[in-house]
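Dear colleague,

I am handing over the structure that we spoke about, and below it you will find notes on what was found. Please read them alongside the coordinates.

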Amino acid sequence: MDMNFFILMKPELLLTGLIFIIMFAKIANLAENNGRFLILVNTLLVLNFVAGFFMNQEGTLFSGMYITSDSMAFEKNILNGGMMLISLMAYDWMMRCKNTPEYYMLLLSAQLGMFFLISSGNFLMFYLAMELATIPLAALSNFDLDRPKSSEAAFKSIMSSAFASAIMLFGLSLMYGTTGTLDFAEMQMLVTGSSLQVLAFIFVFAGIAFKLSLVPFHLWTADVYEGSPVPVTATLAVISKATFIFVFMSTMFTVFANFFMVWDKVVMISIIATITIGNFMAVRQTNLKRVLAFSSIAQMGYLLLGVASTSVQGASSVLYFMLIYVFSSVAIFAVVGLIFYQTGKEDVADLRGFYKNNKLLSWVMAVALFSLAGIPPTAGFFGKYFLLTSGAAKGDYIVLTVAILNMIVSLYYYLRIVKAMFIDKSENDFERISVSPIVTVSIVVCIAGVLLTGMSGEVYEQIKSLFLASN
Amino acid sequence: MSASTIIFYILAAITLGGAILAVTSPKIFRSAIYLLFSLIGIAGLYFWLNFEFIAAVQVVVYVGGIVVLIIFSIFLTQGSGSDMKDPVKIRSLFAGLAALCGYCLTYYVIQRTEFHPQLEQGPAEISVARIGEQMLSTTEHGYLLPFEVVSMLLLSAMIGCIVIAIKTRSIK
Amino acid sequence: MSLSILIIIPLLTALAVIFCRNAEQVKWTSLFGSVAQLAVSGVMFFQYNALRKAGEVAQFVFEEKHTWFSFMNINYHIGVDGIAIAMILLTAFVVVAGVLVSWNVSHLTKEFYLLLVLLSTGAYGFFISLDLFTMFFFLELAVIPKFLLIGIWGSGNKEYSAMKLALMLMGGSALVLMGLLIVYFGSAASCGAPTYNLIEIASHRLDFSTQMFAFPFLFAGFGVFTAMFPFHTWAPDGHSSAPTAASMFLAGISMKLGGYGCLRVAVYLLPDAAHEYSWIVVLLSAIAIFYGSFATMMQKDLKYINAYSSVSHCGFVLLGIGMLTKTAITGAVMQMVSHGLMTALFFAAIGMIYERTHTRQVEKLGGLLKVIPFLSTIFVIAGLCSLGLPGLSGFVAEMTVFQGAWQRPETFYRLATILGCLSIVVTAVYILRASGKVIMGPIVDEHHTHLSDARWNEKLASVILLLAILAIGTAPFWLTDLLNPGSELIMNQLTAR
Amino acid sequence: MSDSLALLLVPALPLAAFLLIFLVGRVYFPKFSGILGTVIMLATTVISMATAYKYFFVTGKVDGVYQHLIAFKFTWLPFSENVSIDMGAIMDPISMVMICVVTFISLMVHIYSLGYMKGEDRFAIYYSYLGLFTFSMLGLVLSTNIFQIYIFWELVGVSSFLLIGYYFDKPSAVAASKKAFIVTRFADAGFLIGILVLSYYTGTLDFETMIARLTVPGSELTAITTAGFLGVSALTWGLMLVFMGGAGKSAMFPLHIWLPDAMEGPTPVSALIHAATMVVAGVYLVARLFPIFAISCPVGLDVVAYIGVFSSMFAAIIACTQTDIKRVLAYSTMSQIGYMMFALGVAGYGGENGLGFTASFFHLFTHAMFKALLFLGAGAVIHYVHSNDMRDMGGLRKHMPVTHIAFLIACLAIAGVPGFAGFFSKEEILTAAHNSNPIIYWCAIATAALTAFYMFRLYFNIFWNKEYHAHHSDSHHGDDHHHGEAPWSMKAPLIILALLSIATGYIPFGNFVSSDGQALHSEFHLTSAILPVSLAIGAIIVAMLFYRKKNAVPDKIAGTIKGVYTGALHKFYIDELYLFVTKKLIFGIGGTIAAWFDKNVVDGVVNFSATVGENFSDTLKKMQNGKVQSYAMYFFTGVLGFVLLFVFLWDKF
Amino acid sequence: MSDIGLGHFLIVSTMLFFIGIYGFMTRRNMITMLMSVELILNACNINFIAFNKFLFPNQLDGVFFTLFVIAIAAAEAAVAIAIIINLYRNRKSIDAEDADMMRL
């Protein structure tokens, strides 16, 4: 236990600290006033986010159970930033939430789980962190306590994830049985590709794929997104996804590196299925959140393209896109949340005439949607382009074709939303949505991110250098 | 056939039988009790393998904790004696088939696999002290970090449970 | 002169428009911006000519290059040759006219102009790009403004049209994207490292199999933009539903993005494949020309008439490109410019007539020459340009294409050319039918007896376009002089096997 | 004034008139536009006459041969190094003759229209169009380059379109103008392809170079004669296609159908365009390429001859039955142009063989005079009667004596009565035909007789026959000149043209225009003139018998040859045939198929894929039934699927 | 214990695993679904223990894993039951088939 420990584990320690500060605040009845409490928390989150940029080192702790690297630190920064943005954008909802401290405690524990997950160097840690990243979120899904849909979402979330993680655990046990170790680095040596290992791998893959909502492990997603409180949905869709894609990538690159022949094919099939089915399922959805859920599924397919390329470029493209995805999605969920909690409307068709009284929000939503669709000049264009490039670098043109053609389908349902907001006329005027300053900050940051991340090549170069350094 | 073999079979039978009954019994309370048997059977298997500590934990946590929790929640949510609704026919058919197929596939693979045991023998019995030490150690094969993570998990689970379950019905 | 100005001016205009307080300010700002852009384009044209006269031999001038994503060898790389300058001038003219024509858009004026300006940014950027990535960036940039312009300010079945257009164009750019990726990775073999640099790829010539692989994607992709048969079906619906200025942009500029892309990317970078596939291109374009004109004949809506005729006319562009002779390529570019101006004028005239009569159905109109002589004259002139009347730009362009096309002696190509020549008869038929009914003849609807003729802005818009058309039509040599070096270099690329 | 400046001014002045009147005059001085146009036209006429004079008598002849001079030439549209469209002005006998004819007739029409069109709403526009037309026509005849001629060819077409459609609110006028434009456009497409063929093999678009390369044996000539398509050499194809363009403009069978309808335009326009100038463009075109036809492609020349003579006869027959006076004149025009065509067709290159060439141009020249006169006279009549139909007329000789005399002179001229201009030119043509081809000769003789017959039918019907009563209620017409004969502005051209219709016949035309530039002294053979002249006079007498007084003889005759008569009355149903082929077959079926295909197949595929996508989406949506257990089921099935695939099946792939 | 080897344990655990899966997919009562999950987890535990015992006895990785899994199972069960109870309060039903408000 030396200074190194504190430096290496800084993100997790800070988070833990945050959790306990909040807990004490709750215990000390400092959290009675939601407004003051939220300002405290948000300030802390901002500080936490800022602190993430300093003194990052690479190294391992606990004899390999905990690993950290530049790219991981960066990923954690993305998560911190995302959390911060979500927290800011959820300000209005929080003000009315009765369990704000608990909300934050659960949220931050989930984030803590994600951090550990990212840094795990051992399947035990991996499993535990994954549960830590899941169970609090399932509980959070229930935080709109009076909405039956919220409980149902929580139920679906916890049951599905329990089932998935149990299956994954079975796979892990078989991995353990065939290699005798749980340590990533050791296991990598011992993976031989025997049938049992393939089977175990698929079980493990299914568990992670469930979190990533890859088809056919995706069916929980839409329901949970729809029912959960919007900030939680945002967390699930953004933070959780961002974590798991990274983790997926790092496990595939390390533990299952020798398994490439198999997992490559598995991932390819998943990409095709995920992108196609995700997009097509979104086409006929009427509920806005469900459309976004399916869109996030499809986005995961694109991200996998980067993962499957197993190149530095692919990896950095994944991270880059993840960053963009955070910006875009948070912006969208911010608007969706505002609409939902102020008017109760959550259908695409309900957005008719939205533009008339909510010009800026409409543009925010539109720009963010275009980013998801990959339309320039938004960053999503670059992100997707680079992912596709890295996919093409590998030369798998069939998958690439499917992915590219699906961009048309995805554009369709994004445009449907845009159409509803801008073009369709409604009999009744859409109310003017009031936006508090803090939420505005979040939205502005997101839109700035969406617009600038791509236009300046710097961000991508930075990310790439992270991977170049660690390879 | 030695006694230990017979005991193993008995334990396995309890475990599997309990499990099957637990997932098929139409009465929920009985189901819970069958689960209890199954879990105890598993504890027995741990005993059989000389992992007394694990067996104890199994009994304490599962039997004493989870099953009790389940039984309480059964009481909370519905009458214990009433029959549950029949499962959806078509789905149980498919589920049965899928489970069977899955079993066959998995077992086929497992059975074909040659496991390579490590030659050196470990400690014949696992002392609680060793477990305790290793649990809180940070060295090779030390489990302090997972321990902390689990504690965090339990904390948050607790908070979650409290918020969700202890709920005033006042606001409507 | 820095080429980036061409992108910066529209962006600044857009920014200024955002901060405008009322519709008047918005209009004047946009007009000012677009006129400034026209001026800059004009200056660029003269500077370019001066450079060439001074003996400049570099293929592209005013080059600028900034690293964008160094790892992927992506640069912001711009530069122009004569062909690009021609397209820029075309864009500038159409934009000014479009801004003027939309003067009385009253619904969401600010947004309207903002989108127009953004659309033009995409076009300018596309034409000056020398980096395939930058090019693609600008190509896609223009898709969404079109969707919104049609969707919000359009008429008729606008939602359907807007969606169809956006999706089909997206499909086109998806194909282009495939092609670009193939070219990018294919260039690794010839250039050492994968690159998007147009000049570099061209000078190192991709290997044959890559070319053969990439060509269909690129050509079909850009073909969608230029409404190549059978990918043209977005065009009629899109054009007809769009508001006037958007129709002008769509047909006048946006379709040219495709033609320019076909030429600059597909043919220039993949010359060997172009030779191999040219028969398909020619076949499709011959079909488009003839079939488009026949389909036009059956249309009853003025905008549909012009839209289908655009399909037919853009067929000439592709015919010229597919013939792979220097004259034909020059002709193709001339046709792009000419069609851009002419169709913009036509759409402007139709739009202005529609604004007054509230119908575009041919049978509901008649005898307009009597009530609105100016607009009717514009309409007729646009029609005459469309049917290739000498003295107007259409003739020059089409003749150049035919002349170039005839240089391919194979019977198949000859037949295609003959078909093209015959289609000008069909063009005459539908143009005369339409104008005979709408402009001439007795007045059909008594409501139409008291229409007001063009206002200053409309007159100005028409005159600007008309001047450009006449400038090409009566003195085509300046245009060919501008284009020839460019098409010659493309030819060199094509002949050096 | 140098030739180049003069020849630049000749087309430029009318263009200036057009622009000036169209852009400015129309708005600011509509009344004055006519005078302006006429003055400019007068200047043009003077310049062109002077230039022609200078050419014919001073500069043009070198060593007894008229030279082809290029007054000026500049590259207008370069296609490639050698092939370019040049704009220029050529000076040779035929172009000089043509500019004189065009400017002079145009001047006459300008003057005439001052009276005829007075009070029209769009008076200024009318004059601007006249300017445009004259410009185009002059540009056409001065062309040095085959593409230049095509350009002006098209411009002539469009100005003709504008002028025919001048009364744009009259549906029939609109239809006629459309028809004229489209039919000639169709012919022009052939012309264009012909140009492409010729230019491809000769590597040039320049007339002189092209003629040189295609008449002197060389690589180009060999290439073009050996290359072929469907067994016909490329040269023949090219020339025939070019001739197709000429036939279109010159209303040769079967592309003649637009000409009669074109009479919907104002009558002076008919005189200008459809009698004297534009319609002879085809003749001019063939004459321009004559050396190639004559030297390298005699087959082509034969085709020209046969088409010419057939059209001539065909039109003459129809003309006998028409009652619209302008239509009669239109068919007579077609017939006379057929004369010119076959005269070219029977000619050879150089010397005596070239008699047909000279004759053709001679006839062109004289015909311009008397046909313009006929039209202007008819215009005066129509102006007076307010009807086109000869059944509404009769006995007008008392009402309008000047017109009557002028018209009579013109009729005598066209009938080929000795002493009048038409006699000389026609006689030359017949001689040329006689020398080369008996079939054509006899057809031509027959046509000559028919010509005399129908012209005098027309004449008698208008000026004799029944008595004319001004029974129209004209009080509401503000025209103060109505009850008198036409104003002087209209009469003056009639008188001038009448004089010229006599005088021009005495010009020794062979001295100026011949196939090879050398003077051709054609001898006048009295013997050969006897037959046609007697036939013509006989026909005139027959016409007089039939029509001088109203009687039943014509109807009886018509009854006896009913089949032919109705056929001719309905123009042998050519129009209907065209209408059927174009409207029903090509445009109807073709257009319908194209539109159907577009809507159902091309668009259908797009919409279908959208529908498929949505259906697919709906199907997928049903997967999502909201039940967590079925989600688990999909999940587990997915896992099993992967296991099956990768553990068990993968190796077998 | 000579003739009882790893294989026997694996049979038991695999069967248990699939019985759990079957139960999870068929039992309509939410609580019994949860019970099925517990069965699955226990199947995994048996695996870990058995592998540890028979194959890799020198370290206690499997045993520890089992311990942690038990802890997690408890946490999961607690949260799940809390959610179920909440759902029950809202809906008066803990039939999984009834929890399908959100679909399509």
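Buried area here is the accessible area, taken with a 1.4 Å probe, that two parts lose on being put together, summed over both. The model is predicted, so that local features need pLDDT of at least 70 and side-chain atom pairs count only at pLDDT 80 or more, whereas totals for chains, interfaces and linings use all residues. Residues are numbered from 1 along each chain as its sequence is written, chains are lettered from A and ligands numbered from 1 in the order in which they are written, and side-chain values use heavy atoms, with hydrogens and water left out.

On that footing, chain E and chain A bury about 3700 Å² between them, and 78% of this lies on carbon and sulfur atoms. Within the share that chain E buries against chain A, F65(E), I83(E) and M102(E) supply 20%, more than any other three residues. Counting contact as heavy atoms within 4.5 Å, this interface takes in 43 residues from chain A and 40 residues from chain E.

Eight pairs of chains are in contact, and of these chains B and E share the most contacts. By contrast, chain C has no contact with chain B, their closest C-alpha atoms lying 39 Å apart, and none with chain E, where the corresponding distance is 23 Å.

As for internal space, a cavity is a set of points on a 1 Å grid over the protein atoms alone where a 1.4 Å probe fits but cannot get out, with lining residues having an atom within 4 Å of a point; grid points are joined across faces, edges and corners, and a volume is the space filled by probe spheres set on the points. The structure holds 14 cavities of 30 Å³ or more, and the largest has about 100 Å³ of space. Its lining includes W93(A), R96(A), P231(A) and Y341(A), and α15(A) gives the most to that lining, with five residues. Helices are DSSP runs (H or I, at least four residues), numbered from the N terminus.

Finally, with a disulfide taken as a pair of cysteine sulfur atoms within 2.5 Å, there are zero disulfides over all chains. C97(A), for one, is in no disulfide, the nearest cysteine sulfur being that of C161(B), 17 Å away. With buried meaning under 20% relative accessible area (1.4 Å probe, protein chains only), C97(A) is buried at 9%, and C100(D) is also buried, at 13%.

With best regards

Definitions and conventions
1 Å grid on protein atoms, 1.4 Å probe; cavity = no way out; pocket = protein on both sides within 12 Å on 5 of 7 lines; lining within 4 Å. Helix = DSSP H or I, 4+ residues; strand = E, 2+ residues; numbered from the N terminus. Buried < 20%, exposed > 50% of the residue type's maximum accessible area, 1.4 Å probe, protein only.
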